[in-house]
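Reader: I have a model open and some questions about its layout. Can you take me through it?

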Amino acid sequence: MPILGLAPDLYPTKPAHFDIERVIRPNILALHPYRCARDDYSEGILLDANENALGHSIPSSSKLEPEVEPTLSLDLHRYPSPTHDPIKARLSALRGLPGTDHVFLGVGSDEVIDLLIRVCVAPGTEKILITPPTYGMYSVCAQVNDVGVVKVPLELSGDGGEGGEKGRFSVRVDEVKNALRADPSIKLVFFCSPGNPTGTLISLASVREILEFEEFKGVVIVDEAYIDFADDKESAVSLMKDYANLCVTQTLSKSFGLAAIRLGIAIAHPALVQILMNTKAPYNISTPTASLALSALSPEAVDLMKEKVSTLVKGRNELLRGLKELMPLGLGAVIGGNDANFVMVPVLEKNGSGKPDNVRANKIYRTLAEKEGVVVRYRGGEPSCAGCLRITVGSDEEIKTVLRKFGELLTAL
């Protein structure tokens, strides 16, 4: 069954074992997408979408928050573009893509993740595969959609160092292949790179091995929310030209500092992008979000983003140095690859045993938040993360504060 809206010459040909029509649910392939008013015309006297021709009724006054004023000048009474091609063009240029047909926009990466599951995985009968410890929304979206979850943990031992192809939090490729071989109902494989909460890049060699595994007929999704804090040569986008069974998700929430606008991105072969476009809600990206996103992707803004990322990477190094100095107080060595804008460190038993202590870690976490006004994240319940606190890299002053208060509590508790 052909993909509606996809030109015949855009059907994927690589890798040879991948047939996208076998991956997409039949009812999605047969779907005739909703055609909204702005799909046809967006200029002229617009009397086609039952909008309020008189505009919004928010008065411009001193009672409004100052940051709201610029938003009111936008065409808020009009439905937004259903495609946002200017944003896609800037993203394509930034990530070195062939064109805008490789880009899909969602309401944060979470909408992209949910939509991928909905279009590919049949409720009640098919599954996704995840590699814990990993981002929790993969499992949440799967449960919401009545989809099974197969778990193949990452390498949990630190005997081989951190990250890479065999170190802690690397993909156990043979075990993933065994799981895929044993269960043909698995349609999607989710990798998080750099991982959350691991902060560790997934080796591109490992990703490539799964993409080339002929017994797996589905799609590999690499979630790169934190990729700008790592080596840009490690982005799976570099594999896109050879693998139509790859989808890379990104976001403006992290490196671009725009978590509030909820703009997520899927970078994929045009065939998969077309399926997502056919299935999404008609106007999923709002006009205020689109306006800010387009500005954030201007050359000047991208340069400033890269400067801030560089500053945060330097801050990450300062945080790592400060945590190392706290080790005599019952803190373990930081674990993971430190490839994101956070670090993860285990709190140890105070008696000097060297063992991670979830009780002590949780007490420090809560005391920091409730009495000291410093909020970090407790991750002790994740595989191979016993006693761990995840600390986001803040400003220079915030780093100094968290290290000082952390040290005080390690001494007291």
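Author: What follows goes through the sheet, the pockets and two buried residues.

Reader: Ground rules before we start?

Author: This is a predicted model, where local features need pLDDT of at least 70 and side-chain atom pairs count only at pLDDT 80 or more, while totals for chains, interfaces and linings use all residues. Residues are numbered from 1 along each chain as its sequence is written, and side-chain values use heavy atoms, with hydrogens and water left out.

Reader: OK, the sheet. What is the strand order?

Author: The open sheet has 7 strands in the order 1-7-6-5-4-2-3, with mixed pairing. Strands here are DSSP runs of E with at least two residues, helices are runs of H or I with at least four, and both are numbered from the N terminus. Two strands pair if DSSP finds at least two bridges between them.

Reader: Which strands stand at the edges?

Author: Strand 1 (103-106) and strand 3 (148-151); each has a single partner strand, so one side of each is left without a neighbour in the sheet. The twist averages 25 degrees from one strand to the next. Angles run from 0 to 180 degrees between N-to-C directions, and axes are lines fitted to C-alpha atoms, for helices over the stretch in contact.

Reader: How do strand 1 and strand 7 pair?

Author: In the antiparallel sense, over 4 bridges, with strand 7 covering residues 264-268. L105 has I265 of strand 7 as its bridge partner.

Reader: What does helix 5 touch?

Author: Helix 5 (residues 108-120) packs on the sheet and touches strands 1, 2, 4, 5, 6 and 7; its direction makes about 160 degrees with that of strand 4 (186-192). Helix 8 (residues 204-211) lies across strand 4, strand 5 and strand 6, at about 160 degrees to strand 5.

Reader: Switching to T131. Buried or exposed?

Author: T131 is buried, at 3% relative accessible area. Buried means under 20%, exposed over 50% and partly exposed in between, using a 1.4 Å probe and protein chains only. T131 sits in the loop between strand 2 (127-130) and helix 6 (137-144).

Reader: Which residues is T131 in contact with?

Author: Leaving aside neighbours within four places in sequence, T131 is in contact with V152, L154, V176, F190 and F191. Contact means heavy atoms within 4.5 Å.

Reader: And H17, where is that?

Author: H17 is in the segment before helix 1 (20-23), and is buried with a relative accessible area of 14%. H17 and E215 are 198 residues apart in sequence, but 8.3 Å apart in space, C-alpha to C-alpha.

Reader: Pockets. What is the volume of the largest pocket?

Author: About 600 Å³. A pocket is an open set of points on a 1 Å grid over the protein atoms alone, where a 1.4 Å probe fits, with protein on both sides within 12 Å along at least five of seven lines; lining residues have an atom within 4 Å of a point. Grid points are joined across faces, edges and corners, and the volume is the space filled by probe spheres set on the points.

Reader: Which residues are closest to its centre?

Author: R95, G96, L97, V237 and S238, of the 27 residues that line the largest pocket. Helix 11 gives the most to that lining, with 3 residues.

Reader: And the second largest pocket?

Author: The second largest pocket holds about 520 Å³ of space. Its lining has 25 residues, and D39, T83, Q274, M277 and N278 lie nearest the centre. Helix 9 gives the most to the lining of the second largest pocket, with 5 residues.
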